[in-house]
Amino acid sequence: MEVTNHYDAIVLGGGPAGLTAGIYLSRAKLRTLIVNEGTIGGQMILTHEIANYPGVESISGYQLANIMKKQAKSFGCDFRNNASPVTLELEGEVKSITLSDGSAYTASSIILTPGGRPRTLGVAGEDDFKGRGISYCATCDGDFFTNKEIVVVGGGNSALEEAVSLTKYASKVTIVHQFDHFQAFEHAIEEARRHPNIEFMMESVITAFKGSENLESVDIKNLKTGETVHFKTDGVFIFIGYLPNTEFIKGHVELNKWGEIVAGNDMSTNIPGVFAAGDSIAKRFRQVTTAVGDGTVAALAASAWLNEMRVKQKNLVDAG
Amino acid sequence: MLYTNLKHLESAAEHAKILSENENVMVICGRMGPMCIPVYGIAEDLEDTYTHVKFCDMEFDNPESHVIRNLPEVRNFMGIPFTIYYKNGKVVKATSSIQSRQQVTAILDKEFGVPVNA
């Protein structure tokens with residue numbers, strides 16, 4: 001492997017956790033690289049308005065991400081955008097990664113902040129009808145479905161709240177959910193249940209999307225009876241949660257059964273010198289503020305670990 | 001307002017001017033929402049590599065964006081952003097809703113050619 005550069009720390013992921021880690025590490029004069037696969041800011045950029053970030057009355061996620069990036073850069077943090085790790089060697093004192101563009105780096109510590117992404121159904125036809133009847137954003141595409149009959153898939157807060165919001169446009173909303181109960185807060189469930197234009201198909205899943213140029217119908221299977229119905233619809237909105245972007249570290253770092261990184265209170269993983277932070281770690285609450293807090297702790301823990309390693313090496317040298 | 005780092009097209013006249021002055025043009029017509037922002041971000045990142053392509057955005061709710069919204073190629077679109085690829089002023093490809101970097105670069109490479117320094 002061609003090694004082109006060595007860093008004190010490499011941060012894999014450029015969301016709020018990764019950017020915060022980058023700010024802290026580079027400000028501590030540690031040579032730091034942030035590797036980011038998508039748009040800088042992660043899921044944060046998808047938030048139109050952040051009104052609960054302490055100290056900032058109101059800001060868009062896009063703007064906040066750009067400020068964080070600017071801060072990190074101002075302290076000397078390097079960035080590699082639109083690159084993803086292809087190979088990883090995390091064990092040992094020197095970690096190494098090769099990126100999708102062929103470049104290779106080594107580091108004394110790694111902070112994993114890969115974040116998450118919206119979960120898709122993975123059903124036949126889903127990609128073909130994206131933007132032609134299938135949507136993942138009510139505020140973006142709701143007005144295309146004015147006076148139309150649509151389906152909302154999911155049973156969490158997002159699904160129920162967006163279903164109610166979509167009744168501003170759609171004449172009828174049918175919520176399809178795989179379980180016999182919802183996972184949302186009670187007030188969200190009640191609001192959806194009380195709405196005259198919302199119907200429910202519980203214990204059911206979509207098994208196929210059908211149409212010619214645009215989506216025209218879906219096949220819905222009742223999981224209890226096994227019966228499949230052909231359901232005419234103009235659109236389907238999918239709100240079924242998020243998946244951690246941890247496929248690339250499977251087999252390297254301990255993950256739980258949901259694919260989330262298992263990290264300690266100091267954000268350390270099961271591998272010495274490898275830390276994790278943000279939405280991809282196993283935890284209950286996922287907010288920009290919690291990601292920023294995680295990123296801070298991970299950066300400080302990585303700094304402490306790097307210092308310990310330096311002291312150990314010095315002692316070994318001194319001991320001859 | 002679209003607060004991206006792309007060239008903003010504010011009027012139909014500006015849209016026509018860009019098409020007349022550039023052989024290869026990509027226009028992303030959307031809002032500052034979760035389906036659109038990733039596509040703006042991809043375009044921003046590709047600008048330095050695809051120097052033979054002019055990357056622009058246009059606000060979906062700007063009445064002047066009728067030049068995009070009324071294109072025959074988008075008549076079945078039901079998701080923003082509407083991303084239009086023009087070669088010599090003619091639409092060669094149009095996509096609806098969020099796209100991945102791989103999807104965008106595949107279209108750019110096919111319709112406008114792979115960048116020399118790629």
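User: Where in chain A is A:Lys29 found, in terms of the helix and strand around it?
Analyst: A quick heads-up: this is a predicted model, where local features need pLDDT of at least 70 and side-chain atom pairs count only at pLDDT 80 or more, while totals for chains, interfaces and linings use all residues. Residues are numbered from 1 along each chain as its sequence is written, chains are lettered from A and ligands numbered from 1 in the order in which they are written. Helices (H or I, at least four residues) and strands (E, at least two) are DSSP runs, numbered from the N terminus. With those names in hand, A:Lys29 sits in the loop between α1 (16–27) and β2 (32–36) of chain A.

User: What is the phi of A:Lys29?
Analyst: Most residues other than glycine have a negative phi. A:Lys29 isn't a glycine, yet its phi is positive. It comes just after α1(A), with a value of about 65°.

User: Is A:Lys29 buried or exposed?
Analyst: The call depends on how many other C-beta atoms, placed from the backbone, lie within 10 Å of a residue's own: 20 or more is buried, 12 or fewer is exposed, and in between is partly exposed. A:Lys29 has 11 such neighbours, so it counts as exposed.

User: And A:Met267, is that one buried or exposed?
Analyst: A:Met267 also has a positive phi, about 70°, although it is not a glycine. Its place is in the loop between β16 (242–244) and β17 (274–276) of chain A. There are 28 other C-beta atoms within 10 Å of A:Met267, so it is buried.

User: How many of the 12 residues of α1(A) are buried?
Analyst: First, the length: the expected span of a helix is 1.5 Å times one less than its number of residues, so α1(A) should span 16 Å, and its end C-alpha atoms are indeed 16 Å apart. Its cover includes β1 (5–12), β2, α2, β6 (104–112) and α6 of chain A. Among the buried residues are A:Ala17, A:Leu19 and A:Ile23. The helix is mostly covered, and the buried count is 11.

User: What does α6(A) reach from its first C-alpha to its last?
Analyst: Buried residues of α6(A) include A:Val288, A:Ala298 and A:Ala302, and what covers the buried ones includes β1, α1, β6 and β17 of chain A. The helix is followed by A:Gly320, with a positive phi near 80°. α6(A) has 31 residues, and its reach is close to the expected value, at 45 Å.

User: Which helix gives the most to the largest nonpolar core?
Analyst: A nonpolar core is a set of buried Ala, Val, Leu, Ile, Met, Phe, Trp, Tyr and Cys residues joined through C-beta atoms within 7 Å. The largest one has 116 residues, and those with the most contacts inside it include A:Ile10, A:Ala298 and B:Val27. With 8 residues, the top contributor is helix α6 (residues 288–318) of chain A.

User: How far apart are the centres of domain 1 and domain 2 of chain A?
Analyst: Domain bounds here come from an automatic or database domain assignment. It splits chain A into domain 1 (5–118 + 242–318) and domain 2 (134–238). Taken over C-alpha atoms, the centres are separated by 36 Å.

User: Which residue of β13(A) is the bridge partner of A:Lys210?
Analyst: A:Lys210 is in strand β12 (residues 204–211) of chain A, and a hairpin joins that strand to β13(A) through 3 residues. The two strands run antiparallel with 7 bridges; strands pair if DSSP finds at least two bridges between them. Leaving out residues up to four places away in sequence, A:Lys210 touches A:Gly125, A:Glu216, A:Ser217 and A:Val218, where contact means C-beta atoms, placed from the backbone, within 7 Å. Of these, the bridge partner is A:Ser217.

User: Which element gives the most to the side of chain A that touches chain B?
Analyst: At this interface, 24 residues of chain A are in contact with 18 residues of chain B. Both α2 (61–74) and α3 (138–141) of chain A supply at least two residues of that side. With 3 residues, the biggest giver is α3(A).

User: Which residue is joined to B:Ile80 by a cis peptide bond?
Analyst: Most peptide bonds are trans. In this one, omega is about 5°. The partner lies in the loop between α3 (66–69) and β4 (82–87) of chain B, and it is B:Pro81.

How values were computed
Contact = placed C-beta atoms within 7 Å.
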